[in-house]
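Visitor: I am new to this structure. Please take one part of it, look at it closely, and then say how another part compares in position.

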Amino acid sequence: MELDGRVAVVTGGTRGVGAGIARAFLGAGAKVVVCARRPPDRPVESAGRTAVFKPVDLRDPAAVHDFFADVVATYGQLDVLVNNAGGTPYRLLGEGEAERHARVVALNLTAPMTVSLAAYEYLRTSRGSVVMIGSVSGSRPSPGTAAYGAAKAGLANLAGSMAVEWAPEVRVNTLVLGMVRTELSHLHYGDEAGIAAVGRTVPAGRLAEPSEIGDAAVFLASERAAYVSGASLLIHGGGERPAFLNAATADKES
């Protein structure tokens, strides 16, 4: 059990990628606390063990501070923080007021910073680690989700700075995700045919599963990654085939 006896917090760990990460940590032996504003529809479970849910608004610094104090009072320690909470609706820049886009940045960049700062002293004591959940949207144009992409770009930079400032006591790394199949995939990609078609654009031929993201997060939090800090690990199935290759007429049979 790679994380036996460790205590991990997964923000936004009640569904989708976050629940997949929480299940992977449970399977690796960790005690897992998941948090969100609302409880999960069903308990997050794996290997006969269940994650504990605690409600918190991650945009409220005082509430976040109290949340971590409660976790440490209950379990005696904090070893891993996974900053997973985030997301965005599809909205072109010209179709929303600046305040709407700013809220996306607050959730995906400011909130992880708030959470990390609240957890820092506990993680420093345990010589623990932070895993940021980033996105390929942070390194390429993201029409329709521009504020989200900008926030994820900032998150990668924030993680790199944290890794330098907080070394050697706390390791900080980022998982840079491509497309992941979750219970909300239909909202982004359509029906099963649409999801399959989108999956075929990925060299791996499919979308990632939340459990695969969880396995990577467990690795970064474990002793196997003891010398890994300030790293960004791409989990995108090979990325995207460049569009120009499909458009070009050279080297194609007529």
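**A helix and a distant serine**

Guide: In this predicted model, the buried residues of helix α6 (residues 192-199) are G194, I195 and G199. These three cover an arc of only 140 degrees around the axis, so they sit on the same side of α6. Part of what covers them is α5 (185-189). The N-terminal end of α6 is capped by D191, which has a side-chain oxygen 3.2 Å from the backbone nitrogen of A193.

From V198 to S116 is 82 residues in sequence and 34 Å in space, C-alpha to C-alpha. S116 belongs to helix α3 (residues 98-126). With 29 residues at 1.5 Å a residue, α3 should span 42 Å, and its end C-alpha atoms are 40 Å apart, which agrees. The helix α3 nevertheless bends by about 50 degrees at Y120. After α3 comes R127, with a positive phi near 55 degrees.

Buried residues of α3 include H101, V104, N108, S116 and Y120. The buried residues of this helix pack against β1 (7-11), α2 (61-75), β6 (80-83), β7 (129-135) and α4 (146-165).

S116 itself has a relative accessible area of 0%, and therefore counts as buried. Leaving aside residues up to four places away in sequence, S116 touches L81, N83, V130, M132, M162 and W166. Its side chain also reaches the backbone oxygen of P112, at 2.8 Å.

How values were computed
Residues numbered from 1 in each chain as written. Predicted model: local features only at pLDDT ≥ 70, side-chain atom pairs only at ≥ 80, totals over all residues. Heavy atoms only, no water. Helix = DSSP H or I, 4+ residues; strand = E, 2+ residues; numbered from the N terminus. Buried < 20%, exposed > 50% of the residue type's maximum accessible area, 1.4 Å probe, protein only. Contact = heavy atoms within 4.5 Å. Polar contact = N/O pair within 3.5 Å; in protein donor to acceptor, adjacent residues only side chain to side chain. Arc of directions from axis to C-beta. Expected span 1.5 Å × (residues − 1). Bend = angle between axes of the 7 residues up to and from the residue.
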